[in-house]
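Visitor: I am new to this structure and would like a close look at a single part of it, the largest pocket, together with what surrounds it. Please take me through it slowly.

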Amino acid sequence: MGHFPYAVQTTFPLLFMVVPALGAMLSCRRRGPGRPAAEIWQRWWAVGALGFGSLWITVSFLADPEGMADAIGFAHSPFQFEIAFANLGLAVLGFRGASASPRERLTSGLAAAAFLWGAAIGHLHQWFAHGDHAPGNTGGILAADILVPAVMIALAARDIHRTGTGTGRGRTAGPAA
């Protein structure tokens with residue numbers, strides 16, 4: 001990745017948010033009656049932003065761990081292998097979002113947030129404490145680490161609120177006599 005210009009390296013991760021957003025917008029224009037836009041957006045975002053974005057990170061860390069460490073501005077480490085497989089787990093959650101319920105997509109968003117927001121905090125710390133402005137530490141990847149789970153959580157929560165699912169209401173026979 002080191003042979004690409006800084007601007008390309010730092011903005012490339014944004015494609016994993018822009019493409020699903022465009023796909024969702026186009027799909028919403030053609031949606032049939034009774035198919036909510038929130039559901040379309042959730043599926044595109046889960047598969048495109050979380051699924052393919054995390055798969056890209058997985059493959060990148062497995063294929064070129066030293067290049068990825070250099071792009072982030074981090075030292076080479078055996079943890080790069082673990083980062084690859086943590087991202088593979090996120091990719092599986094994202095691809096599961098294609099057929100998941102809103103509650104499952106909310107859970108996927110929360111799981112993604114646990115890892116990616118932690119990564120974002122690490123990137124911010126490296127930026128401010130050590131001046132790390134490497135293309136893989138700030139810019140597009142930082143935005144993706146924050147926005148991908150945030151959008152997943154917001155869309156799923158909105159859908160759950162709209163449909164009334166996930167609250168536990170309406171699932172019992174009433175109070176015991």
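Guide: Two residues are taken to be in contact when heavy atoms of theirs lie within 4.5 Å. With that in mind, residues 24 or more positions apart account for 72% of the contacts in this chain that have a separation of 6 or more. The model is a predicted one, and what follows should be read as a description of that prediction.

Before turning to the pocket, it helps to have the whole chain in view. The chain holds seven helices and zero strands, so that its pattern, read along the sequence, is α-α-α-α-α-α-α. Its C-alpha trace spans about 65 × 45 × 30 Å along the principal axes. Of the 177 residues, 39% count as buried, while the accessible surface comes to about 9,700 Å², with 70% of that area belonging to carbon and sulfur atoms.

Now to the part you asked about. Rolling a probe the size of a water molecule over the atoms shows where empty space is left. The largest pocket has a volume of about 610 Å³. It is lined by 34 residues, and the closest to its centre are Phe 61, Ile 72, Ile 83, His 123 and Ile 141. Several helices take part in the lining: α2 (15-29), α3, α4 (65-72), α5, α6 (102-130) and α7 each supply at least two residues. The largest share, seven residues, comes from α3, and that helix is a good place to begin.

Helix α3 covers residues 37-63, and Ser 60 is found in it. Ser 60 has a relative accessible area of 14%, and because buried means under 20%, this serine counts as buried. Setting aside residues up to four places away in sequence, Ser 60 touches Pro 65 and Met 68. Phe 52 also lies in helix α3, but its relative accessibility is 46%, which makes Phe 52 partly exposed. Leaving aside neighbours within four places in sequence, Phe 52 is in contact with Phe 16, Val 47 and Phe 95.

From Phe 61, one of the residues closest to the centre of the pocket, we can step across to helix α5. Phe 85 lies in that helix, and although Phe 85 and Phe 61 are 24 residues apart in sequence, their C-alpha atoms are 9.0 Å apart in space. Phe 85 is partly exposed, with a relative accessible area of 38%. Residues with over 30% relative accessible area and no salt bridge can be part of a patch, so the accessibility of Phe 85, at 38%, is above that cut-off. Phe 85 does indeed belong to a nonpolar surface patch of about 450 Å², made together with Leu 62, Phe 81, Leu 88 and Val 92. Helix α5 (residues 79-96) gives the largest share of this patch, four residues.

Helix α7, which also contributes to the lining of the pocket, brings in charged side chains. Side chains of opposite charge can pair when their charged atoms come close. In α7 (residues 140-163), Asp 159 and Arg 162 are three residues apart, about one turn of the helix, and their side chains meet in a salt bridge with an N to O distance of 2.5 Å. The two partners differ in their surroundings, because Asp 159 is buried at 2% relative accessibility, whereas Arg 162 is partly exposed at 48%. To place this pair relative to α3, the C-alpha atoms of Phe 52 and Asp 159 are separated by 23 Å, with their positions 107 residues apart along the chain.

The search of the whole structure finds four salt bridges. Another of them joins the side chains of Glu 104 and Arg 96, at 2.8 Å from N to O. Glu 104 has a relative accessible area of 33% and is partly exposed, as is Arg 96 at 36%. Glu 39 forms a salt bridge with Arg 35, with the closest N and O atoms 3.9 Å apart. Arg 35 is partly exposed, at 38% relative accessibility. Arg 35, Glu 39 and Arg 43 are linked in a network of salt bridges.

Terms used
Residues are numbered from 1 along each chain as its sequence is written. This is a predicted model: local features need pLDDT of at least 70, side-chain atom pairs count only at pLDDT 80 or more; totals for chains, interfaces and linings use all residues. Side-chain values use heavy atoms; hydrogens and water are left out. Patches are made of residues with over 30% relative accessible area and no salt bridge: like charges are joined within 9 Å, nonpolar side chains (Val, Leu, Ile, Met, Phe, Trp, Tyr) within 5 Å. Accessible areas come from the Shrake-Rupley method with a 1.4 Å probe; for residues, only the protein chains shown count as cover. Buried means under 20% relative accessible area, exposed over 50%, partly exposed in between (1.4 Å probe, protein chains only). On a 1 Å grid over the protein atoms alone, a cavity is a set of points where a 1.4 Å probe fits but cannot get out, and a pocket is an open set with protein on both sides within 12 Å along at least five of seven lines; lining residues have an atom within 4 Å of a point. Grid points are joined across faces, edges and corners, and a volume is the space filled by probe spheres set on the points.
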